[in-house]
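Visitor: I'd like to learn how to read helix packing and surface features. Could you walk me through a case?

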Amino acid sequence: MVSKDTARTIVGIIGNIISFGLFASPIPTFKKIYHEKTVGGFKPDPYLATVLNCSLWVLYGLPFVHPDSVLVITINGIGLVMEIIYVSIFFTYSDWAKRKKIVMALLCIVIFVAAVAGITMGAFHTHHDRSMFVGILCVVFNVVMYASPLTVMRRVIRTRSVKYMPFFLSLANLMNGIVWLIYALIKIDAYIMIPNALGTISGLVQMVLYAAFYKSTPREEEEVKKIQEVQLSGI
């Protein structure tokens, strides 16, 4: 019989693979930016938000905060590097106003994460307390990031069109939520469980909306050029 630790590792590896696919989803956008040498109408906000989100999850997974969370660190570490690359490309092809915004946002992120790390190490002295402090922050920021899919779903209902909601991205988000929810349930981790339970529900609703409005989506509609990818944490 497979032990809980082995099962959790297998599920975590699957979660890493799916999450990597989600982190890689903006690559076509940045290929477009690179070839056109301009960011056009795209905004850096989703990528900056994901830098913060991944940074907090990496902190959460560190041995002195929440032991036995190597797979949490690996995927969010990879995601953090990828998001920094995206932001760097965005910075390179932005005008001065957007560059200033990016620099200020990154500075705020560094200060905030450093402050959280300092408080975690200075004010809390057990794994339980440190996990709770950082975990609550991770949950809060994950929930805030779900505002993006909610906006898209509202638009789908209003327009009766799924052109603003890419099917495979929605499916990947659903699979990501389910896998990491299972990971959290094998060895109960409420801070991973809560955002991924919400992510699973969000993914299911998106699938229902896609089924409901796919046929009513006019086929002659032009491809949407300014869709921002839904950026979610690796977990």
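Guide: Here we go through a helix pair, then a surface patch, then a salt bridge. This is a predicted model, where local features need pLDDT of at least 70, side-chain atom pairs count only at pLDDT 80 or more, and totals for chains, interfaces and linings use all residues. Residues are numbered from 1 along each chain as its sequence is written, and side-chain values use heavy atoms, with hydrogens and water left out.

Visitor: How do α6 and α9 cross?

Guide: Two packed helices are described by the angle and the distance between their axes. Here the axes of α6 (residues 127–145) and α9 (residues 190–213) come within 9 Å and cross at roughly 10 degrees. Axes are lines fitted to C-alpha atoms over the stretch in contact, with angles from 0 to 180 degrees between N-to-C directions. Helices are DSSP runs of H or I, at least four residues, numbered from the N terminus. The pair is therefore roughly parallel (angles under 35 degrees).

Visitor: Which residues of α9 make the contact?

Guide: Tyr-191, Ile-194, Pro-195 and Leu-198, with contact meaning heavy atoms within 4.5 Å.

Visitor: Which residues form a salt bridge in α2?

Guide: A salt bridge is a side-chain nitrogen of Lys or Arg within 4 Å of a carboxyl oxygen of Asp or Glu. Lys-32 and Glu-36 meet in one at 3.1 Å, N to O; both lie in α2 (residues 27–36), four residues apart, about one turn of the helix.

Visitor: And what makes the nonpolar surface patch?

Guide: Val-143, Ile-194, Leu-198, Ile-201 and Val-205 make this patch of about 380 Å². Patch residues have over 30% relative accessible area and no salt bridge, and nonpolar side chains (Val, Leu, Ile, Met, Phe, Trp, Tyr) are joined within 5 Å; areas come from the Shrake-Rupley method with a 1.4 Å probe, counting only the protein chains shown as cover for residues. α9 gives the most, with four residues.

Technical notes: Helix = DSSP H or I, 4+ residues; strand = E, 2+ residues; numbered from the N terminus. Parallel < 35°, antiparallel > 145°, perpendicular 65-115°, else oblique. Patch = residues over 30% accessible without salt bridge, like charges linked within 9 Å, V, L, I, M, F, W, Y side chains within 5 Å.
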